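User: I am new to this structure and would like to be led through it by questions. Could the answers be reasoned out step by step?

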Amino acid sequence: MTDNQFATEELNQLQKEIIAKNPIDVLQFCANYFNSKLELQRSQLWQQQNKAKAAGINLFPLIDNVFNSDGGAIMTANKRQPSFKSPFGDNDPTLIDHHHHHHDDDTKEGQGASKQEIKPDLFKGGFGVGKSTSLKPLQELDPNDPSHSTSQGPDSVPSVAKSKIPVAFNANRRTSVSAEAMNPDKFKSDSWKPPINDLSQAQKAELTKTLGSNFLFRQLDSSSKKTVIEALGKKEFKKGDEIIKQGDEGDFFYIIEKGTVDFYVNGNQVNSSSEGSSFGELALMYNSPRAATAVAACDLGVTCWALDRQTFRRILLERTFNRRLMYEDFLKDVKVLSSLSSQERLKLADALSTQIYHKGDKIVKEGEKGENFYFIESGNCQVSKEDKGVLTKLSKGDYFGEVALLNDLPRQATVEALDTVIVATLGKSGFSRLLGPAVDILKSQDPTANQGSQ
Ligand SMILES: Nc1ncnc2c1ncn2[C@@H]1O[C@@H]2COP(=O)(O)O[C@H]2[C@H]1O
Ligand SMILES: Nc1ncnc2c1ncn2[C@@H]1O[C@@H]2COP(=O)(O)O[C@H]2[C@H]1O
């Protein structure tokens, strides 16, 4: 994805938000929107870091080195205690309920304080750097995290409500040498050129088909797709071959063309993937050691397409990462998905897309063919049937649209938006493939079971 496309996508999302929330002060809204996005991204990186640490994985190995390797710069970074909290959060006269929809919870504090009044420092800037007095001290920092043990006190990192922010984590996003850890931008300025493999027409056709079922690729625009297709190299593995070894450095990202791949963590099988799935993204995204061993598990061998690290980072990383950030927290709170592993949730996040509906919109219509499954990210819906009237109401964390997909039936009810509703949708194929153990729960909770409507 080019810088331009990235910007366009961000702006499109912003535009959707503006339409959905109809803010009084558009400029203020935009400032809040991007600040809360930034804040969210940083806080989630932190959470991921902690999760990974608990699992014995070092996601951001470069950070500590960097912060020690250049005393001057680092001291400055630490002393200034950068905050990723929105500088406007506490001072927004227009805030009613228009914070970034995915994570309203993260910023309630800022909103609550400021609904009506305009404070004198309305337009203060600088991301609160060095102004920790106006921000709550440390209590959300992870007490288990050793990197904070020395930083208690008023100079400590101001925290974002309910989230944990790494000290100076990725603060110098564009300049620091640490940037490579999570920073796809690095590749935008250098002389990186994607490799071009000489694929036959037949191979290209084969690939296009395989990639068509891979969620990461489906979202790419056509020029990025072309770049990726040309950069992919075919690799064949015999049964038992280790495609990836836990602990190694990440070199390639793989898409399975044929066969099954089993994953082992510390010798125990944790997962299995087949045609159209991808793996090996974690080490490339986080510059971490390989988190699992991937073994070719098919008698007939396994064929994969391999994408080199740089092309992966340049083209797929930003998107994948943003998407995961966007959905990870939300999915964690969806009850029906509680049986999914965090890996499974990440894969699901890769496949979701966001849609916005307005009051009165019929998101699914009784009798129509069902193509998608929906999670409600925010807003309220009502479920009704022509002959029975309103059956139930649904809100954040609820889902709908499963009945048609599970039973190959027309939609059994109409679901209508009662206000602005944001949904995360999943297509039919992702539904059966990515919901895994959750599908059984969906089946067991069939809302039509007792109504004789099937
Ligand atoms: N449970 C799991 N934990 C970690 N990695 C997994 C798991 N299941 C599948 N994988 C994949 O195994 C890959 C091993 O290399 P990576 O860490 O780069 O990326 C990893 C994931 O794509
Ligand atoms: N009592 C109900 N009868 C039918 N559908 C319901 C009911 N309650 C909730 N729903 C949801 O409404 C959705 C309409 O589309 P689906 O039939 O695909 O899936 C349905 C369920 O997810």
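**Confidence and overall make-up**

Analyst: This is a predicted model, and the mean pLDDT of its protein chain is 72, with 65% of the residues reaching 70 or more. The model also scores ipTM 0.74 and pTM 0.52.

User: Over which residues does pLDDT stay under 50?
Analyst: The predictor's confidence runs from 0 to 100 for each residue, and there is a stretch of the chain where this value stays under 50. The model has 244 contacts beyond four places in sequence for that stretch. The stretch in question is residues 60-188.

User: How many helices and strands does the protein chain have, and what share of its residues is buried?
Analyst: The secondary structure of the protein chain comes to 15 helices and 16 strands. Among contacts with a separation of 6 or more, residues 24 or more positions apart account for 75%. The chain has 454 residues, and the buried share of them is 52%.

**The annotated positions**

User: Which residues does the UniProt annotation "binding site" cover?
Analyst: The annotation comes from an unreviewed UniProt entry, and such annotations may be inferred rather than shown by experiment. With that caution, the residues that the record covers are Glu 281 and Arg 290.

User: Is Glu 281 buried or exposed?
Analyst: Glu 281 is found in helix α10, which covers residues 281-286. Leaving aside neighbours within four places in sequence, Glu 281 is in contact with Phe 253, Phe 312, Arg 324 and Gln 343. Because its relative accessible area is 5% and the cut-off for this class is under 20%, Glu 281 is buried.

User: Where is Arg 290 found, and what is its relative accessibility?
Analyst: Arg 290 is found in the loop between α10 and β7, the latter being residues 293-296. Not counting residues up to four places away in sequence, Arg 290 touches a set of residues that includes Ile 244, Asp 248, Phe 252, Tyr 254 and Ala 283. Arg 290 counts as buried, and its relative accessibility is 5%.

**An open sheet and its aromatic residues**

User: Which strands stand at the edges of the open sheet of four strands?
Analyst: The four strands follow the order β1-β8-β3-β6, and the pairing is antiparallel. Two of the strands have a single partner each, so one side of each is left without a neighbour in the sheet. These edge strands are β1 (233-237) and β6 (278-279).

User: What is the bridge partner of Tyr 254 in β8?
Analyst: Strand β3, residues 252-258, pairs with strand β8, residues 302-308, in the antiparallel sense over six bridges. In β8, the residue that partners Tyr 254 is Ala 306.

User: Which residue has its charged end over the ring of Phe 252?
Analyst: Phe 252 belongs to a cluster in which ring pairs link it with Phe 237, Tyr 254, Phe 263 and Phe 279. A charged end sits over the ring of Phe 252, 3.8 Å from its centre. The residue that carries this charged end is Lys 235.

**Edge-to-face rings**

User: How many aromatic pairs does the structure hold, and why is the pair of Phe 373 and Phe 375 edge-to-face?
Analyst: The structure holds eleven aromatic pairs, one of them formed by Tyr 33 and Phe 34, which is edge-to-face at 5.0 Å centre to centre and 80° between the planes. For Phe 373 and Phe 375, the ring centres are 5.0 Å apart. Since planes over 60 degrees apart count as edge-to-face, that pair is edge-to-face because its planes stand at 80°.

User: Is Phe 34 buried or partly exposed?
Analyst: Its ring partner Tyr 33 is buried, with a relative accessible area of 3%. Phe 34 has a relative accessibility of 33%, which falls between the 20% and 50% limits. Phe 34 therefore counts as partly exposed.

**Strands β11 to β13**

User: How far apart are the C-alpha atoms of Glu 377 and Asp 398?
Analyst: Glu 377 lies in strand β11, residues 372-378, and counts as buried at 2% relative accessibility. Glu 377 and Asp 398 are 21 residues apart along the chain. Their C-alpha atoms are separated by 8.2 Å.

User: Which residue in β13 stands opposite Lys 385?
Analyst: Strands β12 (residues 381-385) and β13 (residues 389-394) pair in the antiparallel sense over five bridges. A hairpin of three residues joins β12 to β13. Opposite Lys 385 in β13 stands Gly 389.

Definitions and conventions: Residues are numbered from 1 along each chain as its sequence is written. Chains are lettered from A and ligands numbered from 1 in the order in which they are written. This is a predicted model: local features need pLDDT of at least 70, side-chain atom pairs count only at pLDDT 80 or more; totals for chains, interfaces and linings use all residues. Side-chain values use heavy atoms; hydrogens and water are left out. Buried means under 20% relative accessible area, exposed over 50%, partly exposed in between (1.4 Å probe, protein chains only). Contact means heavy atoms within 4.5 Å. Rings of Phe, Tyr and Trp (its six-membered ring) pair if their centres lie within 6.5 Å; planes under 30 degrees apart count as stacked, over 60 as edge-to-face and the rest as tilted. A charge sits over a ring if NZ of Lys or CZ of Arg is within 6 Å of the ring centre and within 35 degrees of the ring normal. Two strands pair if DSSP finds at least two bridges between them.
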